[in-house]
Amino acid sequence: MITIPLPGNHSPLSNLFSYSVSPLYEMAASLYTLAQETPPERFAYWTEEKLGQFESARLLKEWGYFVPLFRYGIPDSFDPLHTKGVMAVDDQYEYFVTLPTDHFVRSMKPILEEWIIHHNAPAVAFDLEEDADYVKGRFSLFVSSYWQLFFEANWEAIAPKFVREAERIYYSLQGIESLTTYLQSISPEITYDTETNQLTCPSNGPSYDAQHLILYPSYYYAQEPTLTKKGWNAHLLYSISEVPTQPKTPS
């Protein structure tokens, strides 16, 4: 259980709640969806179309190499809070060039470990051990190609959805009642205790207090809401096109 104390006075709720949107993260979320063995129903046609485009662009083999980095999660190197200003191809290239290689490797390891539980160790795992800089450079080229050839047009099409979601968040922060209603539209399990003046968010991990809740709306992350803890912050990743469900925490 995660609890978030709310101000007992007239302090603005925006001090405790914020949201972050990143085109680069959304691109990674689309690759996560594309990497699923059985894609969500609303992305079935989109997945088939993209794989066909990969084949036409001769990127299908390269995609097969990187699938293990996305099948069981989205690498932390795409964290929307840190990549929200990364927009065009030049920005992306600079981001990955300056990203420390050890950070790049750490962001991939949990996903690869999960892959190895279900499959044989992939080539990209061995290459990360042997020459992580080579993998990072190859990864950057693939991501840049994907953005330029396929995803940039997708982002332009879905960007208005994030504008509308930002408006919803803004108006929800006008009061505790509107905030609670909004959060319960994401997960009905989020509750507000009037006696303790706290929001309570269910989680499978240990209980703790968070000082800040950061909302990560996503179009291509078509899964249940996921609640994680990073430092003193709680992070809530959720789909802006899915029926609200109870948030889960990664094991």
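This report walks through one sheet and the helices around it, then turns to a bent helix. Keep in mind that the model is predicted.

## The sheet

Let's start with the strands. Four of them form an open sheet in the order E2-E6-E8-E7, and the pairing is mixed. The edges belong to strand E2 (17-19) and strand E7 (226-230), each of which pairs on one side only. If you compare neighbouring strands here, they are turned by 25° against each other on average, ignoring direction.

Where does the mixed pairing come from? Look at E8 and its partners. E6 and E8 pair in the parallel sense, over 7 bridges, while E7 and strand E8 (residues 233-239) pair in the antiparallel sense, over 5 bridges. On the parallel side, Leu215 has Leu236 in E8 as its bridge partner.

## The E7-E8 hairpin

Now follow the chain from E7 into E8. Thr226 stands opposite Leu237 in E8, and Lys230 has Asn233 in E8 as its bridge partner. The hairpin of these two strands has 2 residues between them, and Gly231 takes a positive phi near 65°.

## Helices on the sheet

Which strands does helix H8 touch? Helix H8 (residues 132-172) packs on the sheet and touches E2, strand E6 (212-218) and E8. The direction of H8 makes about 150° with that of E6. Helix H9 (residues 176-186) lies across E2, E6 and E8 too, running at about 50° to E6.

Is E8 mostly covered or uncovered? Mostly covered: 6 of the 7 residues in E8 are buried.

## Helix H6: length and bend

Here's a quick check you can do yourself. Helix H6 (residues 101-118) has 18 residues, so at 1.5 Å a residue it should span 26 Å, and its end C-alpha atoms are indeed 26 Å apart, which agrees.

H6 also has a bend of about 35° at Lys109. A proline, Pro110, follows within four residues.

## Helix H6: the buried side

Which residues of H6 are buried? They are Phe104, Val105, Ser107, Met108, Ile111, Leu112 and Trp115. To read that list, it helps to know that an α-helix has 3.6 residues a turn, so residues three or four places apart point the same way. Try it on Phe104, Met108, Ile111 and Trp115, which are among the buried residues.

And what do the buried residues of H6 pack against? Their partners are helix H7 (123-130) and H8. H8 is also the helix that packs on the sheet.

Definitions and conventions
Residues are numbered from 1 along each chain as its sequence is written. This is a predicted model: local features need pLDDT of at least 70, side-chain atom pairs count only at pLDDT 80 or more; totals for chains, interfaces and linings use all residues. Side-chain values use heavy atoms; hydrogens and water are left out. Two strands pair if DSSP finds at least two bridges between them. Axes are lines fitted to C-alpha atoms, for helices over the stretch in contact, and angles run from 0 to 180 degrees between N-to-C directions. Contact means heavy atoms within 4.5 Å. Buried means under 20% relative accessible area, exposed over 50%, partly exposed in between (1.4 Å probe, protein chains only). The expected span of a helix is 1.5 Å times one less than its number of residues. The bend at a residue is the angle between axes fitted to the seven residues ending there and the seven starting there.
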